[in-house]
Amino acid sequence: MDRAARIMKALGASPRLGVTELSDKLGLAKATVHGLLRALERQELVEQEADSGKYRLGAAMLQLGNSFLDNHELRGRSLMWAGSLATRVGEAVRVGVMNGETVLIVHHVFRPDNSLQILEVGASIPWHACALGKAVVAYMPRQRRTALLSGELPRLTGRTMTEPSVLRTALEEIAGLGVAVEDQEAVVGEAEIASPIFDHHGDPAGAIGVVGPVERLLQDGPAAAVVAAVREAGRGLSRDMGAGRFAVRR
Amino acid sequence: MSSPTVRRGGVGSTSRGAWVLDVSFVRRWIVEAAARIEEQRDFLTQLDAAIGDADHGINMHRGFGAALATLESSAADQPPGELLERVGMTIVYRVGGAAGPLFGTGFRDIGRTISDAPAPDAEALLMALTAGLDGIQRLGAAAPGDKTIVDAWAPALTAFESSLRSGGRVDEAAREAADAATIGVAATLPMQARKGRASYLGSRSIGHQDPGATSTALLFGALERVVRRTA
């Protein structure tokens with residue numbers, strides 16, 4: 001089991017690998033790798049490319065990935081809110097949940113302008129570099145917050161906050177406002193305004209945010225109409241999740 | 001253009017050291033860069049469609065169109081450094097996405113360095129190109145290997161410097177820089193993006209050529225051609 005899982009993770013990290021490459025990478029005998037690949041292929045968890053003979057993840061992985069995402073109650077409940085938020089503000093909307101030290105994007109609505117955009121569902125963004133992550137962490141219990149602040153804080157752009165003390169102050173402000181703002185801290189040229197979503201325990205379950213060009217979202221400070229719409233979506237989603245009227249930070 | 005029979009700066013030329021980083025060079029560089037970007041606009045957008053928002057070519061084209069307008073609206077005797085600073089700021093404001101702030105900052109810092117340079121020579125160009133890369137890295141925090149502009153600019157700069165240091169003429173240095181940028185672009189293909197929205201794709205960014213690096217190679221290609229003509 002363990003070895004099969006390692007093969008699948010290796011294929012998840014590289015687009016396609018041959019038996020020899022896998023055996024080198026994982027330190028397993030070629031015969032072992034071959035046998036495991038055959039078993040995984042029967043279950044459609046991996047597939048072999050016809051022309052190169054190399055292996056990649058199979059169609060069954062997509063179904064597993066989708067059911068993993070569907071298991072998040074938040075995702076299901078966010079579909080309607082995210083769609084109407086995107087329509088209202090004319091920008092893209094993302095919904096994310098915390099996954100260790102990163103935010104996992106579980107839902108993404110494209111900017112409604114018919115332009116070609118890439119689907120960011122499944123992307124992981126370090127929590128401190130995006131408004132979604134900061135919105136969630138600002139409402140986490142102090143102990144968890146402190147642990148995250150003392151964790152790794154990689155720099156994604158020149159504007160990423162990588163100083164724990166600076167971030168701590170930012171989180172205090174976010175908890176006061178109920179809205180988190182990110183100014184090109186994950187991607188140059190891009191900004192995000194996000195609001196936390198609370199579950200029926202009053203704990204932050206995730207966040208919903210509007211993401212778009214910095215010149216549109218933060219021209220003279222955060223666009224008031226976007227802030228209002230994001231806050232409303234966050235509150236509405238929290239209500240749908242069974243959260244009480246006022247979320248209390250602990 | 002001068003008569004084709006006059007091959008100044010060619011092999012065996014005695015015009016060594018005659019090259020001047022003046023306003024006419026700067027204007028020609030921007031015009032040539034704008035022409036190449038216009039020519040490659042659809043290709044750049046196509047590259048971006050694979051790992052981004054499919055707007056890189058359109059944005060760069062708009063930005064360099066605005067840069068040409070900046071050239072026209074500038075006084076003919078505006079110093080080269082100041083002119084490039086203006087071009088840089090135009091690109092920051094007129095090109096969307098990450099490319100505007102990054103390339104705009106690069107040109108702005110190139111301009112500032114030229115303004116402060118002791119002499120308008122090849123050394124000044126080297127310092128300016130170095131400052132341009134520094135500015136881009138300050139803003140984007142990208143390192144070589146992240147599949148960005150840096151992967152074309154950094155090798156081009158290294159080639160330019162080592163060519164000058166080994167006694168090469170400025171046109172030779174510019175040619176080696178342009179070649180290195182092109183090789184740098186090809187090297188982005190197998191890289192996994194670690195910066196920008198393309199990084200959200202994880203391993204799916206592998207196998208695609210980086211649009212930002214490609215545009216960078218166009219800028220260095222334009223530089224090579226204009227230096228060759230003015231050297």
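The following exercises, each with a worked solution, concern a predicted model of a complex.

Residues are numbered from 1 along each chain as its sequence is written, while chains are lettered from A and ligands numbered from 1 in the order in which they are written. In this predicted model, local features need pLDDT of at least 70 and side-chain atom pairs count only at pLDDT 80 or more, whereas totals for chains, interfaces and linings use all residues.

**Exercise 1. Confidence**

Task: State what ipTM and pTM the predictor gives the complex, and identify where in chain B pLDDT stays under 50.

Solution. Step 1: the complex receives an ipTM of 0.83 and a pTM of 0.83 from the predictor. Step 2: pLDDT is the predictor's confidence in each residue, from 0 to 100; its mean over chain B is 91, with 93% of the residues of that chain at 70 or more. Step 3: residues 1-16 of chain B stay under 50, and the model has seven contacts beyond four places in sequence for them (a contact requires C-beta atoms, placed from the backbone, within 7 Å). Step 4: where pLDDT is low, the predicted coordinates should not be read in detail.

**Exercise 2. Domains and helix packing in chain A**

Task: Give the domain bounds of chain A, then determine at what angle helices α1 and α3 of chain A pack.

Solution. Step 1: chain A is divided into domain 1 (2-65) and domain 2 (72-240), the bounds coming from an automatic or database domain assignment. Step 2: the C-alpha centres of domain 1 and domain 2 of chain A are 35 Å apart. Step 3: helices (H or I, at least four residues) and strands (E, at least two) are DSSP runs, numbered from the N terminus. Helix α1 (residues 2-13) of chain A packs against helix α3 (residues 30-42) of chain A at about 80 degrees, the axes being 10 Å apart. Therefore α1(A) is roughly perpendicular to α3(A), a term for angles of 65 to 115 degrees. Here axes are lines fitted to C-alpha atoms, for helices over the stretch in contact, and angles run from 0 to 180 degrees between N-to-C directions. Step 4: on the α1(A) side, A:R3, A:A4, A:I7 and A:M8 meet residues of α3(A) that include A:V33, A:L36 and A:L40.

**Exercise 3. The sheet of chain A**

Task: Establish in what order the six strands of the open sheet lie, and trace the pairing of β3(A) and β8(A).

Solution. Step 1: the order is β5-β4-β3-β8-β7-β6 (chain A), with antiparallel pairing; strands pair if DSSP finds at least two bridges between them. Step 2: β5 and β6 (180-183) of chain A are the edge strands, each pairing on one side only. The twist averages 30 degrees from one strand to the next.

Step 3: β3 (residues 92-99) and β8(A) are antiparallel over five bridges; A:A92 faces A:V211, and A:G96 has A:A207 as its bridge partner. Step 4: β3(A) also pairs with β4(A), over seven bridges, A:V95 standing opposite A:H107. Two residues separate these strands in their hairpin, where A:G100 takes a positive phi near 70 degrees.

Step 5: β7 (residues 190-198) and β8(A) run antiparallel with nine bridges, among whose pairs A:I193 is opposite A:V210 and A:A194 is opposite A:G209. Their hairpin has five residues between the strands, and A:G202 in the turn has a positive phi of about 85 degrees.

Step 6: nine of the 10 residues of β8(A) (204-213) are buried, as are seven of the eight in β3(A). A residue is buried if 20 or more other C-beta atoms, placed from the backbone, lie within 10 Å of its own, exposed if 12 or fewer, and partly exposed in between. Step 7: helix α10 (residues 224-240) of chain A lies across β7 and β8, at about 30 degrees to β7(A).

**Exercise 4. Positive phi outside glycine**

Task: Decide whether A:N114 is buried or exposed, and whether B:K147 is buried or exposed.

Solution. Step 1: most residues other than glycine have a negative phi. Step 2: A:N114, not a glycine, has a positive phi of about 65 degrees and lies in the loop between β4 (102-109) and β5 (124-126) of chain A. A:N114 is exposed, because 7 other C-beta atoms lie within 10 Å. Step 3: B:K147, also not a glycine, has a positive phi of about 70 degrees; its loop joins α5 (122-140) and α6 (150-165) of chain B. B:K147 is buried, because 28 other C-beta atoms lie within 10 Å.

Conventions
Two residues are in contact if their C-beta atoms, placed from the backbone, lie within 7 Å. Angles under 35 degrees count as roughly parallel, over 145 as roughly antiparallel, 65 to 115 as roughly perpendicular and the rest as oblique.
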